[in-house]
Structure formats: structure tokens, C-alpha cells
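Work through these exercises with the sequence and the structure open side by side. Each task is followed by a stepwise solution.

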Amino acid sequence: MTAAVSSDLLSRYGGNLPRYTSYPTAAQFTGDIGPADADAWLRAVPSGTALSLYLHVPFCDALCLFCGCNTAVMRNPDGRAAYGALLIDELSRVAERLGPGRPVSHVQWGGGTPTTLPPGTLRQVMQTIRRLFRVEASAEIAIELDPRYLPDEYPALLGALGFNRVSLGVQDLDPEVQRACGRIQSHAQTADCIRRVRDAGIGSVNIDLIYGLPHQTEQGVGDTAASVAALRPDRLAVFGYAHVPWKQKRQAMLPADALPGPADRLAQRARIDTVLRRAGYRAIGLDHYARPADRMALAAEAGTLRRNFQGYTVDPASVLIGVGASAISAFGPGLTQNATTTAAYARLLADPARILPVVRGVRRTAQDRLRADVIEALMCDLRADLADIARRHAAPDDCFADAAPALGQLAADGFVTLDGPVIRVTEAGRPFLRTVAALFDAYRAPADVTRHAAAI
């Protein structure tokens, strides 16, 4: 890809946009959806349907100032163990509504930092999952971890519990950037963490990098990418820093005057892209990279890559069940979200009626499902056949006519090519993928409304 994009184009396409990990996005969630809806949608899941489980642990050992996740520092081991008991309680309620032995094709632990749970607590939750559900032999079982605070006994525990992929944050290795962000992590810590999980038999390692942080430079992010690539992770996620201090107050502590502008962010992204491609990684979708033999690269090649609240995934499940505070679930009829704070989550689970801890969500219309398919195709495949998608949804041929003028402008700017109803995003357009997807978002906020992070 190239970083040579004019200031006019950056101004035209540099607005605030969702990340499109779902459609409708979480911005459309309301309190009109609650426990009764989640109950009905769970009970309606057809027998034999493979499920994906996501478990959210909202605790960290230390907070990074750039982080936008729902997490807080929890020092008390008893409090962490008590949260694990809540996860077990919610899992049992989910299983009661689904019925016994439902197949699970994917288990993802996120946060926060799930490895803040006491080892015995993690073991209990995983044993509960295997008791209540039928985890398929081919299931990807993944967990996020922090190399700075990985307990000595954890790698062997993860291997024994069947985890086969870990994701660890690096973000940037430059000391000045790390000091500004409140995350001090050496290259040696990262390398040692990877060695320990590999030795425990965990075959797949993912590393997260971020560009657009305070004091980052094009040279610096390239050096970090090269250092990390030399550790030979199987996948990398390369995120643009999402500066949303109106949502995450901790971000206001970052030196705003040291944040790179849109042109610098694009140049940083391009430098990382060049380094990783030269190291043998394949670009996947908007912001992922994988080795050619990795399951994600193979899925992208086969056209089976998916996108959900965890980002890009090889998981084929059509139903995602989120467990834990703030966790989001996706069903055919709609999306739900649990109470966001641990205290509110615990209060709902204390209800004697054994309700689900859902506080908001959105019901999907036929139009939502139509547009969701277009957005996912663009985000995953960088291609969408509008006529074919409309036909599959029994929609009229001109159902996307509203996007035509903007698509024409994107084509003129070299970001897409148009072959009748088929849209293809070019390499120059890859950084602007969210802009292309947004043309099919019926709920897109006006340009002057600050709701999401910058698209570039």
C-alpha cells in the first residue's frame, strides 16, 4: 500500500466511523431490548447449530492510558474468584435455555486481561463449559494475555485446558511511546512470553500493534514491526489508535499535542504494512496479517473469513454468546449486551428469577441483515457483489442505489473499482475500508456528530 494520499482525500474520507464488527453497530443499541428478548432468542436457536462463546474478564493488573476496553484494576484475588463464579452462573443460565450438549466451535477469552483470574477459577470455568456444552475437537480456544503479568503457572495451565491460541499486546516498543502510554514492556518480556506459551504446546500466537499513539513516528513503528516479526507470531493485528476521551476518561491523560495527525497515521500504517509483507505475512481485511499457512490466511483465500465483535475470525458459528460484564451476543433476530459494570452484572445475576444479565441491544430487520452481508463482505473480502447479495435477500435490484454517487467518487479516487454490481476495494483503498462499508450503513451519523473514532 502507499501512504501518498492528498490532504484533500484525507479530509474527504477522514471522518469518524464505526469499526463495523457488527451491523447494526453498538451505537444503535437501546434499553428496549432486555432479558426477555435474550431468553427468547436463545431458546429459538435451532438444535445442532454451532455456537461461539466469548467470555469477558474486566480486570487488569495495570491500566494502559490508550485502552478503550471495559476494564479496571482488581487487586483482590477473592474478588477475581467471585467474578469467575458469576461467569459460571451465567453459563448455566444460557445452557438451561439452549438445552444440553450444544456444539461449540470457538471459545474466546477477552478483557481486560483474563489471566488475572486465579488459575483455579479459570480451570473451573473451562470445566463448566465442557460440562454444559460439546466443544468440538477442531474448536479454536483462545485467550488474551499481558506478557508483563503472566503468572508462572499459567502457560502450562492453558496447555492443559486445551487452549490453542493466545493473543498478546505489544503496541509499540519505543521507550518514549511506552512512557507516554503508561505501558512499559520490553522486547525481552515479549519474547519470553512467546517462548513460554510455545513450550506449553500452544501452537498459535497473535500479537497486537497500534499506530497513532503519542510520539510515534514512521521509523519507530517500522522498527517495532520488524522486531516483532522476528519473533515469528502466526498473526498480527495492527490497529489505529482510537482516541475517544469522551468515552474513556483515561485517554485524556495522554499528551494530545503529541498524537500524530491523519497523514502521519496513514504513513505509519503504510510503513508497518511494508515491513510485515516483506517478512512474509499476508494482509487480511482492514488490519490483520497472517502467515500464508495460518488458518486466517487460508480462510481469507477461501472466502470464508468472518467478522464479529472480536474482530476477524475463522469461526463459522452464526450465533455468538457473550458471557460476562459488557459482553455482547449476536443472534439472527438481534444483538444484546450485558450490564457493563461488574456491580450491575452481579445484581442482575442475583435476581431470584434467574434472568439473563442483558440491559440493551437491537432487533435486526430484514434491511439490517441485507446491509450486514454487504458490510461483512467488504470488510472481509474487500469485494461485494451487490446483485448477488440482493438476490439472496429477495431485495429489489436498486436497493443500494443510494450508495451509487459516493461509490463513483471512490472509484474516481482510486479506492474501489466497479464492475457492474461488483465492488472491489483496491490496495490504495484498503486503509479506507470502513469508509466504503459506511456507504451501506443506514444509521450512519452525520459528519458533524462525534460518536466514533477517526476512520484513518
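**Exercise 1. Locate arginine 232 and describe its backbone and exposure.**

Step 1. Arginine 232 sits in the loop between helix 8 and strand 8 (235-240). The model is a predicted one.
Step 2. Read phi. For arginine 232 the angle is near 55°, a positive value in a residue other than glycine.
Step 3. Check the surface. The relative accessible area of arginine 232 is 52%. Exposed means over 50%, so arginine 232 is exposed.

**Exercise 2. Do the same for histidine 215.**

Step 1. Histidine 215 belongs to the loop between strand 7 (204-211) and helix 8 (218-229).
Step 2. Its phi is positive, about 70°, although histidine 215 is not a glycine.
Step 3. Relative accessibility is 32%, so histidine 215 counts as partly exposed.

**Exercise 3. Find where the peptide bonds from tyrosine 23 to proline 24 and from glycine 111 to glycine 112 lie, and give their geometry.**

Step 1. Tyrosine 23 and proline 24 are joined by a cis peptide bond, with omega about -5°.
Step 2. Proline 24 is in the loop between helix 1 (7-13) and helix 2 (35-43).
Step 3. Between glycine 111 and glycine 112 the bond is also cis. Here omega is near 15°.
Step 4. Glycine 112 falls in the loop that links strand 4 (102-111) with helix 4 (119-132).

**Exercise 4. Test the length of helix 7 (residues 187-199), then find its buried face.**

Step 1. Helix 7 has 13 residues. At 1.5 Å a residue, the expected span is 18 Å.
Step 2. The end C-alpha atoms of helix 7 are 18 Å apart, which agrees.
Step 3. List the buried residues of helix 7: Thr190, Cys193, Ile194, Arg196 and Val197.
Step 4. Look down the axis of helix 7. The buried residues fall within an arc of 165°, so they line one face of the helix.
Step 5. Find their partners. The buried residues of helix 7 pack against strand 5 (133-145), helix 5 (154-160), strand 6 (165-171) and strand 7.
Step 6. Turn to the face away from the buried side. Exposed residues Ala188 and Asp199 are carried there.
Step 7. After helix 7 comes glycine 201, with a positive phi near 95°.

**Exercise 5. Explain why cysteine 64 forms no disulfide.**

Step 1. The closest cysteine sulfur to that of cysteine 64 is in cysteine 67, 6.5 Å away.
Step 2. A disulfide needs sulfur atoms within 2.5 Å. The gap is therefore too far for a bond.
Step 3. Cysteine 181 is in no disulfide either; its nearest cysteine sulfur, that of cysteine 64, is 8.1 Å away.
Step 4. The disulfide count is zero.
Step 5. Both cysteines are buried: cysteine 64 at 7% relative accessibility, cysteine 181 at 2%.

**Exercise 6. Describe the largest nonpolar core.**

Step 1. The largest nonpolar core holds 73 residues. Leu55, Trp109, Ile129, Phe133 and Ile321 have the most contacts inside it.
Step 2. Helix 3 (residues 77-98) gives the largest share of this core, seven residues.
Step 3. Another core, of 50 residues, lies apart from it; among its members are Leu9, Ala299, Ala300 and Val436.
Step 4. Return to leucine 55. Not counting residues up to four places away in sequence, leucine 55 touches several residues, including Leu87, Leu91, Trp109, Ile129 and Val323.

**Exercise 7. Trace the hairpin of strand 18 and strand 19.**

Step 1. Strand 18 (residues 416-419) and strand 19 (residues 422-425) run antiparallel, joined by four bridges.
Step 2. Aspartate 419 is opposite valine 422 of strand 19.
Step 3. Two residues lie between the strands, and glycine 420 takes a positive phi near 65°.

Definitions and conventions. Residues are numbered from 1 along each chain as its sequence is written. This is a predicted model: local features need pLDDT of at least 70, side-chain atom pairs count only at pLDDT 80 or more; totals for chains, interfaces and linings use all residues. Side-chain values use heavy atoms; hydrogens and water are left out. Two strands pair if DSSP finds at least two bridges between them. A nonpolar core is a set of buried Ala, Val, Leu, Ile, Met, Phe, Trp, Tyr and Cys residues joined through side-chain atoms within 4.5 Å. Buried means under 20% relative accessible area, exposed over 50%, partly exposed in between (1.4 Å probe, protein chains only). Contact means heavy atoms within 4.5 Å. The expected span of a helix is 1.5 Å times one less than its number of residues. The arc is that of the directions from the helix axis to the C-beta atoms.
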